[in-house]
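Please open the model in your viewer, with residue labels switched on, and follow the stops below in order. Each stop says what to select and then what is to be found there.

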Amino acid sequence: MAREQVFNFSAGPSVLPLPALERAKRDLLDYGGCGMSVMEMSHRSPMFQEIFDSTKAKLKAALSVPDTHEILFLQGGATLQFAAIPMNLLEGGAADYAVTGNFSGKAAKEARKYGTVNIAADTSDTGHDRIPRQDELRLSADAKYFYYCANNTIYGTEWQYVPETKAPPVCDMSSDILSKPVDVSRYGLIYAGAQKNMAPAGLTVVIVDRSLLGRELPVTPEIMSYQTLVKTDSMLNTPPCWCIYMLGLVLDWLKEQGGVQGMERIKRERAAKVYDYLDNSALFTAHARPGSRSDMNVTFRTGSAELDAEFVKGAAARGLVNVKGHRIAGGMRASLYNAMPMEGVDALIAYMKEFEVQHHV
Ligand SMILES: *Cc1c(COP(=O)(O)O)cnc(C)c1O
């Protein structure tokens, strides 16, 4: 049974690869002939352990995670990491935070409860429409880590470089993980909520340099201690079993598409098509400045709130769903995650052209 064809531009939870969903559907009631769904299995069973280990191995391979780094499968969303990071790595000292959007701002605010936060950059003065250059970063000598958000999901900007910092970089990659190769060895910690580009909501992936373990504040809850979570292989308590299984299926699909290199090629093509159109449009404008633009979340507007609303409504009527911008940014946002087919991008641009012809005077 096919489902009604829509192109889902949601920023998250978001589109998943159809082959992964179809595989899950086949396994739904009875995984591998065991008479149980993955949803019903004990997380301590050999069968689930195999799913867990293979998913971890697939992620390690997909991102070329070096042996110096540990992979954790956790709950609590990306937001829990806003607190877990300072509780584990700040040691009551200072850290540098680049505030380039909503989520990095929230992370900086949370970290202030546990130590000193130096704002290394803040792009709010221009509505977070750009990423700071390396030479603009105000780095402090005593920082325990440098925090940034690789892709600003709400504003549609993306770091095009890995900052050079003495302190280990800690990075929120929630909305661009697995969309391009990353040199994991350069990072102290990488984390991502799964629901943007990896799996259903409920799983958070943390990749942490083992040399940073064991620095947690005494008040750090056991369930948030990276050291404890590494020791227990993410199973201090029940892990998000179903989401881990789904991530495994998504990683199988990703490998067939040429891995992160394949994803990078496709994402550049998808985003370039939309930005090209926007830059030549007399009606629509892109929010993010060239050189700072996200390939994953393209933010744009007409300049009229009424026209924006009409565009969003008309898009939905054509099966182009969830193109409304985030409430704090307004306008429109097309999220072009890994699983977005090129036909979705073409259909969106075709509709934008049609809308422009009708509405531009
Ligand atoms: C969605 C998002 C978050 C918040 O994720 P939750 O899992 O809902 O806590 C944080 N950072 C970025 C970059 C995001 O896109």
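Select Gly-193 first, and then Thr-204 in strand 10, which stands opposite Gly-193. Both belong to a predicted model, in which local features need pLDDT of at least 70 and side-chain atom pairs count only at pLDDT 80 or more, while totals for chains, interfaces and linings use all residues. Residues are numbered from 1 along each chain as its sequence is written, and side-chain values use heavy atoms, with hydrogens and water left out.

**Strand 10 and its neighbours**

Extend the selection to strand 9 (residues 189-193) and strand 10, which pair in the antiparallel sense over five bridges; strands are DSSP runs of E with at least two residues, helices are runs of H or I with at least four residues, and both are numbered from the N terminus. Two strands are said to pair if DSSP finds at least two bridges between them. Now add strand 2 (residues 69-74), which runs antiparallel to strand 10 and is joined to it by six bridges, with His-69 opposite Asp-209 of strand 10.

Why is strand 10 (residues 204-209) described as largely enclosed by the rest of the structure? Six of its six residues are buried, so the rest of the structure largely encloses strand 10, where buried means under 20% relative accessible area, exposed over 50% and partly exposed in between (1.4 Å probe, protein chains only). If you show the side chains, Thr-204, Val-206 and Val-208 point one way from strand 10, whereas Val-205, Ile-207 and Asp-209 point the other way.

Next select Gln-81, which lies in helix 3 (residues 77-89) and counts as buried because its relative accessibility is 2%. Leaving aside residues up to four places away in sequence, Gln-81 touches Leu-74, Pro-86, Tyr-191, Thr-204, Val-206 and Tyr-226, a contact being heavy atoms within 4.5 Å.

**Strand 8**

Move to strand 8 (residues 169-172), from which Pro-169 and Cys-171 point one way and Val-170 and Asp-172 the other, all of them buried. Strand 8 pairs with strand 5 (residues 143-149) in the parallel sense over four bridges, and Tyr-147 stands opposite Val-170. Strand 8 also runs parallel to strand 9, to which three bridges join it, and here Val-170 stands opposite Leu-189.

**Two domains and the largest pocket**

Colour domain 1 (22-255) and domain 2 (258-358) separately; these bounds come from an automatic or database domain assignment. The C-alpha centres of domain 1 and domain 2 lie 27 Å apart, and the contact takes 28 residues from domain 1 and 26 residues from domain 2.

Then select Arg-3, Leu-16, Pro-17, Leu-18 and Leu-21, which lie nearest the centre of the largest pocket among the 29 residues of its lining. On a 1 Å grid over the protein atoms alone, a pocket is an open set of points with protein on both sides within 12 Å along at least five of seven lines, a cavity is a set of points where a 1.4 Å probe fits but cannot get out, and lining residues have an atom within 4 Å of a point. About 720 Å³ of space lies in this pocket, the volume being the space filled by probe spheres set on the points, with grid points joined across faces, edges and corners. Each of domain 1 and domain 2 gives at least three residues to the lining of the largest pocket, and helix 1 supplies the largest share, six residues.

**The largest cavity**

Four cavities of 30 Å³ or more are found in a search of the whole structure, and the largest cavity has a volume of about 50 Å³. Among the residues to select around the largest cavity are Val-15, Lys-196, Met-198, Trp-253 and Asn-338.

**Backbone stops in the loops**

Select Gly-12 and Pro-13, whose peptide bond is cis with omega near -10 degrees; Pro-13 is in the loop between strand 1 and helix 1. Ser-64, in the loop between helix 2 (46-62) and strand 2, has a positive phi near 50 degrees and, at 55% relative accessibility, counts as exposed. Finish at Asn-322, in the loop between strand 13 (320-321) and strand 14, where phi is positive at about 65 degrees and the residue, at 46% relative accessibility, counts as partly exposed.
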